[in-house]
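Here is a short tour of one protein model for someone meeting it for the first time. Have a look at the sequence and the fold, then read on.

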Amino acid sequence: MRIGYARVSREDQRIERQIDALEKAGCERIFQERISGARKDRPELEKLLMTIRPDDTVVVLSLDRLGRSLIHLVELVNQLQGEGVQIESIQDNIDQHTATGRLHINFLAVMADWQRAWISEKTREGLESARARGRVGGRPKGLSKDDIHSMGILLSDPSMKVSDVAKRFGISRTTLYRYFPGGVKPKSPNETQSKGEGEA
């Protein structure tokens, strides 16, 4: 069976052109919806995936109607292939029944793998850069009471830089300032009281 899928992103967009093209392509059943391609929950697409059977062909006007991203598109194509279903895109001139169509799909898979690797590499570079600046990603490192006490002693030394103290404890300056606003050891109530009595 040839099953069509048509989608527009907004209610005010016309979907008839896609439906006409799918009917002309011989689709016996057409699923249509007005919903953004960025949405993960697409009810009509889910219905289509539950309807397909081996040897069916899913037809779209263009591949961007089907997948919300290159990676998602390839995952969807792989899912369909695993169930013995072929993809056909009218405007992209892709038909998995042909050698050229299969080549196009394989090229998309290669590009999706490259995109995954690129995203992973950029994420890793970002984490390494953050570590170099004293941040390790995720929640700030927790400090024990002994750590905080030792840090306060170091900060009370005028020769110690805040950045050096933070680096010694493996935290960022931002995290240090959460414990010591201004980078200065807070005075205890006893110290404040003694100072007040001396000035009286």
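Aspartate 12 is a good place to begin. In this predicted model, aspartate 12 has a relative accessibility of 60%, and it counts as exposed because the cut-off for that is over 50%. Its side chain meets the side chain of arginine 10 in a salt bridge, with 3.1 Å from N to O. Arginine 10 counts as partly exposed, at 46% relative accessibility.

How many salt bridges does a search of the whole structure find? The search turns up four. Side chains of opposite charge can pair when their charged atoms come close. Three of these pairs are set out here, including the one just described.

| Salt bridge | N to O distance | Relative accessibility |
|---|---|---|
| Aspartate 12 and arginine 10 | 3.1 Å | Aspartate 12: 60%; arginine 10: 46% |
| Glutamate 16 and arginine 14 | 3.9 Å | Glutamate 16: 35%; arginine 14: 67% |
| Lysine 47 and glutamate 44 | 3.2 Å | Lysine 47: 40% |

In the second row, arginine 14 is exposed, while glutamate 16 is partly exposed. The pair in the last row has something helical about its spacing: lysine 47 and glutamate 44 both lie in helix 2, three residues apart, which is about one turn of the helix. Lysine 47 counts as partly exposed.

Now for the overall layout. The protein has eight helices and five strands. Starting at the N terminus, the elements come in the order β-α-β-α-β-α-β-β-α-α-α-α-α.

Let's follow the strands. Strand 1 (2-8) and strand 2 (residues 29-34) pair in the parallel sense, over six bridges. Which residue of strand 2 is the bridge partner of glycine 4? That would be isoleucine 30. Helix 1 (residues 16-24) joins these two strands in a right-handed β-α-β unit.

Another parallel pairing is made by strand 3 (57-60) and strand 4 (residues 86-89), this one over four bridges. Here threonine 57 has glutamine 86 of strand 4 as its bridge partner. Strand 4 also pairs with strand 5 (residues 94-95), this time in the antiparallel sense and over two bridges. Within that pairing, serine 89 stands opposite isoleucine 94. Strands 4 and 5 form a hairpin with four residues between them. In its turn sits asparagine 93, with a positive phi of about 55 degrees.

Aspartate 55 also has a positive phi, near 80 degrees, in a residue other than glycine. You'll find aspartate 55 in the loop between helix 2 and strand 3. Is aspartate 55 buried or exposed? Its relative accessible area is 69%, so aspartate 55 is exposed.

Time to look inside. Buried residues make up 32% of the 200 residues in the protein. In soluble globular proteins, nonpolar side chains tend to be buried together. The largest nonpolar core in this model has 18 residues, and Leu48, Ile52 and Leu66 touch the most other members. Strand 1 (2-8), helix 2 (43-51), strand 3 (57-60) and helix 3 (70-82) are the elements that give two or more residues to this core. Which of them gives the most? Helix 3 does, with four residues.

Leucine 48 is worth a closer look. If you set aside its neighbours within four places in sequence, leucine 48 is in contact with Ile3, Gly4, Tyr5, Phe31 and Val58. Apart from this core lies another one, made of eleven residues, among them Leu155, Ala166, Phe169 and Ile171.

Further along the chain, serine 172 is found in the loop between helix 6 (162-168) and helix 7 (173-179). With 9% relative accessibility, serine 172 counts as buried, because the cut-off for buried is under 20%. The side chain of serine 172 makes a polar contact with the side chain of threonine 175, at 3.1 Å.

One last figure covers the protein as a whole. Among contacts with a separation of 6 or more, 61% are between residues 24 or more positions apart.

Methods. Residues numbered from 1 in each chain as written. Predicted model: local features only at pLDDT ≥ 70, side-chain atom pairs only at ≥ 80, totals over all residues. Heavy atoms only, no water. Core = buried A, V, L, I, M, F, W, Y, C linked by side-chain atoms within 4.5 Å. Buried < 20%, exposed > 50% of the residue type's maximum accessible area, 1.4 Å probe, protein only. Contact = heavy atoms within 4.5 Å. Polar contact = N/O pair within 3.5 Å; in protein donor to acceptor, adjacent residues only side chain to side chain. Pairing = 2+ DSSP bridges. Right-handed = clockwise from strand over helix to strand, strands pointing away.
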